[in-house]
Amino acid sequence: MEQNVRRVVLVGTGLVGTSFAYSLLNQGGVKELVLINRTREKAVGEASDLSHGLPFSPYRMKIWAGDYSDCQSADIVLIAAGSGRMPGGDRLSLLQRNAEMVKNIVRQVMDSGFDGIILMASNPVDLLTYIAWKESGLPASRVIGSGTTLDTARFRYEIGNYLNVDPRDINGYIIGEHGDSEFAVWSHTTLGVTPISEIVGRHPEFKFSDLEQIFQNVRQAGYEIISQKGATYYGIGMALAKIVRAILNDENSLLPVSVYLNGHYGHHDVFIGFPALLNKNGVRKVIEMNLNEEERAKLDASVGVLKSYITKM
């Protein structure tokens, strides 16, 4: 891979893909952004629209509609193509529709001579990340899914709103499948260094029963937004921009992305949302937290859900 290109290829210029592109336009970190779409005219239009905003952007960037040959010297290929959830549908129902599409995209990416990092945004993200890894032949550390990054952001927002504090000062994670079997790691959720359980226990205006409602709000957020406006895209677009910057800037940032478990908590051969350190090489390390018994059982169950689909793929 050519050094210092800082090129990202975005495959799929739908609502998620273009929200990511717009986030990069405002946040920077990329020198070149290439847009690929099944309908090339759509990619051309999006590239023009985004480029016209460059005079107002604090960052220089070259944006164009390209093809898979542009992947050859890319640092990251972000796949955001495919069918989205319909109102009332779950992410796993998208597997059959999106699996063959991802295989086809990854084949074309790899045929270009690509040797960078694949970032998966399409749903069901954990299973499609697994498929992309198998199809690409890349090391598991260089195939990453967006995982529970957005779920965790929603979690921090809800807790911050409940406690009336800046959500950036909330430390905590949603882990597991990006879907109905995900769960909150309450045993490691803090405001600064103070456990949330201590804060709730000390102040009568807060209730432990409210914490469960917070998690339910987080898990249902995607369904609610889809029922209200048809799709979710701003939040995930910003989350993807953060993941890309963490990689390109060699940040060693801790983010709950979809990563490969190879013996972690006794699980193997599955991609699932879990905190990991990200740098220029992809996943530097999966961080194993000291989960309590209930959390371990929830992780086992979430892995089981994904494994039940992997065995059929």
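In these legends, two residues are in contact when heavy atoms of theirs come within 4.5 Å of each other. The model shown throughout is a predicted one.

**View 1. Helix 3 packs against helix 4.** Here we look at helix 3, residues 95-111, and helix 4, residues 125-136, whose axes come within 9 Å. Those axes cross at roughly 35°, and the crossing is right-handed. On the helix 3 side, the residues that meet helix 4 are Leu95, Asn98, Ala99, Val102, Lys103, Val106, Arg107 and Met110. Helix 4 answers with Leu127, Leu128, Ile131, Ala132, Glu135 and Ser136. Sorted by class, the residues of this contact come out as 9 nonpolar, 2 polar and 3 charged.

**View 2. A cis peptide bond sits ahead of helix 4.** Follow the chain to the loop between strand 5 (117-120) and helix 4, and you'll find proline 124 there. The peptide bond that leads from asparagine 123 into proline 124 is cis, and its omega is near 0°. That's worth a look, since most peptide bonds are trans.

**View 3. Strands 13 and 14 form a hairpin.** Strand 13 covers residues 267-279 and strand 14 covers residues 282-286; the two run antiparallel. They are held as a pair by 4 bridges. Just 2 residues make up the link of the hairpin between them. To get your bearings, pick out leucine 277: its bridge partner in strand 14 is lysine 285.

**View 4. Three strands make an open sheet.** Reading across this sheet, the strand order is 7-10-11, and the pairing is antiparallel. Strand 7 (170-171) and strand 11 (194-195) are the edges, each with pairing on one side only. Between strand 7 and strand 10, which spans residues 190-191, there are 2 bridges. One handy landmark is asparagine 171, which has threonine 190 of strand 10 as its bridge partner.

**View 5. The second largest pocket is lined by several elements.** This pocket has a volume of about 580 Å³. Its lining takes in 22 residues, and the ones nearest the centre are Thr149, Leu150, Ala153, Arg154 and Ala239. Helix 5 (149-163), helix 7 (208-229), helix 8 (234-248) and strand 12 (253-264) each give two or more residues to the lining. Helix 5 has the largest share, with 8 residues. As for the kinds of residue around the pocket, 12 are nonpolar, 5 are polar and 5 are charged.

**View 6. Two residues other than glycine have a positive phi.** Most residues other than glycine have a negative phi. Arginine 6 goes the other way, with a phi near 55°; look for arginine 6 in the segment before strand 1 (7-11). Aspartate 250 isn't a glycine either, yet its phi is positive, at about 55°. You'll spot aspartate 250 in the loop between helix 8 and strand 12.

Definitions and conventions. Residues numbered from 1 in each chain as written. Predicted model: local features only at pLDDT ≥ 70, side-chain atom pairs only at ≥ 80, totals over all residues. Heavy atoms only, no water. Pairing = 2+ DSSP bridges. Axes fitted to C-alpha atoms, helices over the stretch in contact; angles between N-to-C directions. Left-handed = near helix turned anticlockwise from the far one by under 90°. Nonpolar A, V, L, I, M, F, W, Y, C, P; charged D, E, K, R; others polar. 1 Å grid on protein atoms, 1.4 Å probe; cavity = no way out; pocket = protein on both sides within 12 Å on 5 of 7 lines; lining within 4 Å. Points joined across faces, edges and corners; volume = space filled by probe spheres on them.
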